[in-house]
Amino acid sequence: MGIIEKMRLDGKKGFVTGAARGIGKCTATAFAEAGADVAIVDIDLEEAEKTAREIAEKTGRKVIALRTDCTDQAQVEAMVDQVVKELGGLNFCHNNAGICLNVPAEEMTFEQWYKVININLNGIFLTDIAAGKYMLKNGGGSIINTASMSAHIVNVPQPQCAYNASKAGVIQLTKSLAIEWAKRGVRVNSISPGYIGTELTLNSPTLIPLIEQWNAMAPLGRMGKPEELESICVYLAGDTSTFTTGADFVIDGAFTCF
């Protein structure tokens, strides 16, 4: 069997949070293209259902849509149960849901701070634990968390202290769980994307003025594409990455190298 065949995900079941659009939609599509059945998990059920239909038609895999608030423990646990029930198991997940608020620190309210931390860090914790509990009891699995290059640098010129702190927390959470579960069959890794040109990013009135500055600072002179994150996630979800755990993969076009 060649390396391409070994990297396929035939027979595997997984879910992606924040998968209705953007990065999550791309990785969910890639998982299905590699042979997996996938749950599209998002707070926006209508868009999630649209994405699920699109991926199912494109790949022929079983793709379902589930509405879940990843900051609600009961909803997260129910989502994992539903994934297992409808797909027939859970071998991997990509915990990707997140938000960013660009507010100067001295003007940021605690409510704004907590909202970012709650979704980006508490939400990752809840989905990691719910998925991890199932995997620990059922032969192991792979958990992929979306962190950010913002865990490694302080972005400029936009003020985003809550986002940066939350993503740094995701990396340390990832490493901690990887150590705790290393001998029990559950691998935990994170990806740290740089600036990625998703549909929302490229059409955001508040971000469009910043894109030219980001591109001017970028060694490659451009933002990344969501599709450029697909292969690392397929690798991490599959069986060719069984010696990979506790790692953070920075995919930023060398932005954090200086």
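**Briefing: a cavity, a sheet and its helices**

Thr17, Cys70, Asn95, Asn96, Ala97, Ile119, Gly123, Ile124 and Thr127 line the largest cavity of this structure. The model is a predicted one. Its sheet is open and is built from seven strands with parallel pairing. The points below take the cavity, the sheet, the helices, a pocket and the salt bridges in turn.

**The cavity**

- Rolling a probe the size of a water molecule over the atoms shows where empty space is left.
- The count comes to one cavity of 30 Å³ or more.
- The largest cavity has a volume of about 30 Å³.
- Helix H5 supplies four residues to the lining, which is the largest share.
- Four residues of this lining are nonpolar and five are polar, while none is charged.

**The sheet**

- From one edge to the other, the strands of the sheet follow the order E3-E2-E1-E4-E5-E6-E7.
- Strand E3 (63-67) and strand E7 (248-251) are the edge strands, and each of them pairs on one side only.
- On average, neighbouring strands of this sheet are turned by 15° against each other, with direction ignored.
- Strand E1 (residues 13-17) and strand E4 (residues 92-95) run parallel and are joined by three bridges.
- Gly14 stands opposite Phe92, a residue of E4.

**Helices on the sheet**

- Helix H5 (residues 110-137) lies across four strands: E1, E4, E5 (141-146) and E6 (186-193).
- The direction of H5 is at about 175° to that of E5.
- Helix H6 (residues 161-181) also packs on the sheet, where it touches E5, E6 and E7.
- Between the directions of H6 and E6 the angle is about 160°.

**The second largest pocket**

- This pocket has a volume of about 220 Å³.
- Its lining is made up of 19 residues, and those nearest the centre of the pocket are Arg222, Met223, Gly224, Asp252 and Gly253.
- By type, the lining of the second largest pocket divides into eleven nonpolar, four polar and four charged residues.

**Salt bridges**

- Side chains of opposite charge can pair when their charged atoms come close.
- The structure has nine salt bridges by count.
- One of them joins Arg21 to Asp44, with 3.4 Å between the closest N and O atoms.
- Arg21 sits in the loop between E1 and helix H2 (22-33), and Asp44 sits in the loop between strand E2 (37-42) and helix H3 (45-59).
- The two residues are 23 residues apart, and the pair links distant parts of the chain.

How values were computed:
Residues numbered from 1 in each chain as written. Predicted model: local features only at pLDDT ≥ 70, side-chain atom pairs only at ≥ 80, totals over all residues. Heavy atoms only, no water. Pairing = 2+ DSSP bridges. Axes fitted to C-alpha atoms, helices over the stretch in contact; angles between N-to-C directions. Contact = heavy atoms within 4.5 Å. 1 Å grid on protein atoms, 1.4 Å probe; cavity = no way out; pocket = protein on both sides within 12 Å on 5 of 7 lines; lining within 4 Å. Points joined across faces, edges and corners; volume = space filled by probe spheres on them. Nonpolar A, V, L, I, M, F, W, Y, C, P; charged D, E, K, R; others polar. Salt bridge = Lys/Arg side-chain N within 4 Å of Asp/Glu carboxyl O.
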